[in-house]
Each structure stands twice: as C-alpha cells, then as structure tokens.
Amino acid sequence: AFKLQLLLFLPSDRRRRVMTNPLGFRFGQHVIPEMQVFFQTALSYAFTNIKPLVPGHILVSPKRVVCRVAELTPQEAADLMVCAHRIAPILQKAYDATSLTIAVQDGKDAGQSVAHVHMHVMPRKVGDFSNNDDVYHKLEKEDDGGRLRSLEEMVIEAEHLEKLLVQ
C-alpha cells in the first residue's frame with residue numbers, strides 16, 4: 001500500500017521530520033499536527049501542550065474523538081492509562097520532578113475545555129504552586145489568556161521526549 005509522506009520545514013529550518021499523517025490528529029474541534037505528537041499506540045496518542053501549566057505538561061488522548069470517559073471502549077480506557085504509565089516516568093526524569101499530577105476533566109462542569117477525552121500528565125516539584133491543589137483551579141481556567149507556545153517550541157519538546165522514550 002502507498003503511504004503518503006510529507007516533509008515539513010519549521011520556520012527556523014533547523015528541524016525536519018517525515019510526516020506519515022499529514023492531516024494530523026483530531027482533538028475535539030482542533031487538529032494536532034503530527035509533529036507535536038511524541039508517542040502513539042493504535043488507540044491513543046500523546047502530544048505537547050500549547051499552554052502548559054508547568055514545564056513538561058503534556059496531554060494523552062484517544063485517537064477516536066469522544067467527549068466523555070464513559071463513551072470510551074474498555075480497550076481505549078485501558079490504553080490511555082497504559083500510555084500515561086509509559087510516559088510518566090520519562091517526564092518525571094526529563095523535568096527533574098519529584099511527583100506527577102495525572103488528571104482527567106470529564107465534562108464541561110468538571111472544567112473540560114476541549115470536547116474530547118484527554119488526560120493531563122504534569123511533572124511536579126515542591127513549590128511549583130503555592131497551594132498544591134491550585135493546579136486543579138488552574139486547569140479549570142485554562143482559557144485565562146496565558147501565553148500560547150509556538151509550534152516550533154512544541155515540536156522541539158516533542159522531539160526531545162520522543163528520543164527519551166526510545167532509549
């Protein structure tokens with residue numbers, strides 16, 4: 001079978017990556033460029049966050065677009081956790097963290113900002129929030145006008161994490 005490949009050049013012309021999924025991954029109403037994805041299975045994918053709350057804050061999502069956890073198949077639900085389990089120690093080490101926050105906001109009233117199941121995986125350190133549980137309040141207010149990262153920043157992080165995962 002013929003597989004479409006696309007070479008994408010970033011603005012810096014520093015990095016080049018072969019694309020096998022040039023249309024990207026659906027994430028609710030958004031499309032996540034494949035270059036932002038650093039890990040995937042048949043059912044899930046992990047990608048860098050455009051607006052991380054802490055350095056290394058990434059998202060894990062099922063490839064099939066579903067709004068709520070109850071809509072996932074048992075295999076998709078298990079695969080999300082398996083992905084988080086695989087990625088978590090890599091993030092913790094890469095960002096010199098002492099702990100992790102792994103969270104799912106299941107529905108609008110729980111603070112879910114994108115109508116697609118996703119798991120937040122955040123490396124944590126002592127003092128990253130003055131009150132440890134403030135991370136949850138910050139998650140609920142993701143649309144608070146904070147700085148959006150550039151695609152180049154997210155791709156550089158994705159490439160770094162991808163390399164750590166294959167070591």
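**Helix packing, an aromatic cluster and a buried methionine**

The axes of helix α1 (residues 74-94) and helix α3 (residues 151-166) come within 10 Å of each other and cross at roughly 115 degrees, where the axes are lines fitted to C-alpha atoms, for helices over the stretch in contact, and angles run from 0 to 180 degrees between N-to-C directions. This is a predicted model, in which local features need pLDDT of at least 70 and side-chain atom pairs count only at pLDDT 80 or more, while totals for chains, interfaces and linings use all residues. Residues are numbered from 1 along each chain as its sequence is written, and side-chain values use heavy atoms, with hydrogens and water left out.

The two helices α1 and α3 are therefore roughly perpendicular to each other, given that angles of 65 to 115 degrees count as roughly perpendicular, those under 35 as roughly parallel, those over 145 as roughly antiparallel and the rest as oblique. From α1, the residues that make the contact (heavy atoms within 4.5 Å) are Arg86, Ile87, Ile90, Leu91 and Ala94, and from α3 they are His160, Leu161, Leu164 and Leu165. Sorted by character, the residues of this contact between α1 and α3 comprise seven nonpolar, one polar and one charged, where Ala, Val, Leu, Ile, Met, Phe, Trp, Tyr, Cys and Pro count as nonpolar, Asp, Glu, Lys and Arg as charged, and the others, Gly among them, as polar.

Stepping back to the whole chain, the protein has three helices and nine strands, which are DSSP runs numbered from the N terminus (helices H or I with at least four residues, strands E with at least two). Along the sequence these elements follow the pattern β-β-β-β-β-β-β-α-β-β-α-α. Of the 167 residues, 43% count as buried, a term that stands for under 20% relative accessible area, with exposed meaning over 50% and partly exposed in between (1.4 Å probe, protein chains only). Among the contacts in the protein with a separation of 6 or more, 58% come from residues 24 or more positions apart.

The strands also carry aromatic side chains, and the structure holds three aromatic pairs, counted when the ring centres of Phe, Tyr and Trp (its six-membered ring) lie within 6.5 Å, with planes under 30 degrees apart called stacked, over 60 edge-to-face and the rest tilted. One of them joins Phe27 and Phe47 edge-to-face, with 5.1 Å from centre to centre and 70 degrees between the planes. This pair links distant parts of the chain, since Phe27 belongs to strand β3 (residues 25-27) and Phe47 to strand β6 (residues 44-48), 20 residues apart. Phe27 is buried, with a relative accessible area of 5%, and Phe47 also counts as buried at 2%. Another pair, that of Tyr45 and Phe47, is stacked, at 5.2 Å centre to centre and 25 degrees between the planes. Ring pairs join Phe25, Phe27, Tyr45 and Phe47 into a cluster.

Beyond its ring partner, and leaving aside neighbours within four places in sequence, Phe27 is in contact with residues including Ile32, Leu59, Ser61, Val114, His116 and His118. The C-alpha atoms of Phe27 and Val65 are separated by 6.8 Å, although the two residues are 38 apart along the chain.

A last stop is Met154 in helix α3, a buried residue with a relative accessible area of 3%. Not counting residues up to four places away in sequence, Met154 touches Gln36, Thr48, Asn49, Ile50 and Arg149. Met154 and Val37 are 117 residues apart in sequence, and 9.1 Å apart in space from C-alpha to C-alpha.
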